[in-house]
Amino acid sequence: MPGPPDAVDPRAAVVEDRLAGVGRIVAVTGSKGGIGKSVVSASLALAWADAGRRVGLLDLDFTSPCSHVILGADEGFPGEDFGVDPKDTAGVSLMSVAFFAPEVAVPLRGDEVADAFLELLAVTRWGELDFLVLDLPPGLGDIALDVVRLVPRVEFLLLSTSSRVVLGSVERALRLLTGLRVPVLGVAENLQRDGDQGVSRLAASFGLPFLGALPYDAGLESSLGDPGRLRATAFFSAVCRLAGRLDG
């Protein structure tokens, strides 16, 4: 049987070179789908870019990528020159599988997921960045575990809501990540409506910072695809405060 990809695949070494100019790598995971993880990831990258940081955003959801939709990027094929260049979108260097297969489902399973992940990391030319944000798919499956295994210096940001279902899932994710001794920056709450303290209590139970709450914003949906309108939302103002806490 073949060994793991990093044991036999030269692309694993290429990944280190591709990421050599990146200062910090922040992986955003939400454990459950539908809690706004991609909007938070894209907005966090946009907030850092607005603050003068050099920022990249890598959408690692291969089945339902949406970062390009949130930031209003076109879906044309990216430029190539000894690698593939991310697209400059609203000041963010964005890479997504959507640029290679627009509006086409990408059915992947097992080793195909790891292969696609490794290929995208190996071909993308990030250059010099202060931050690279990784928008992870829901859960802690193949992609998240490959991020832990193959991405140097990665730090995790956990996103939760006050839902008991989501809190339980995030708690399990935290147990796994802390058990693997992966750096966890803290836990942030999204879609806050009623001031429930469940997320902050969860962070405290692991000895992690509670990074604040992002409010439910009824005007957020209509702003997606237009970075200018997104910047004007109360949600984005809260994300800017989150970005400031992490940029310390």
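Biologist: Why are strand 2 (residues 55-59) and strand 5 called paired?

Modeller: Two strands pair if DSSP finds at least two bridges between them. Strand 2 and strand 5 have five bridges, in the parallel sense, so the pairing criterion is met. Leu-58 stands opposite Leu-134 in strand 5. This is a predicted model: local features need pLDDT of at least 70, side-chain atom pairs count only at pLDDT 80 or more, and totals for chains, interfaces and linings use all residues. Residues are numbered from 1 along each chain as its sequence is written, and side-chain values use heavy atoms, without hydrogens and water.

Biologist: What makes residues 129-135 a strand, and how covered is strand 5?

Modeller: Strands are DSSP runs of E, at least two residues, and helices are runs of H or I, at least four, numbered from the N terminus. Strand 5 has seven residues, six of them buried (under 20% relative accessible area, 1.4 Å probe, protein chains only; exposed is over 50%, partly exposed in between).

Biologist: How do you know that strand 1 (residues 22-29) pairs with strand 5?

Modeller: Six bridges join strand 1 to strand 5, and the two run parallel. Val-22 stands opposite Leu-129.

Biologist: Why is the sheet called mixed?

Modeller: Its eight strands follow the order 3-4-2-5-1-6-7-8, with mixed pairing. Strand 1 and strand 5 run parallel, whereas strand 3 and strand 4 (residues 92-96) pair in the antiparallel sense over three bridges.

Biologist: What makes strand 3 and strand 8 edges?

Modeller: Strand 3 (87-89) and strand 8 (210-215) each have a single partner strand, so one side of each lacks a neighbour in the sheet.
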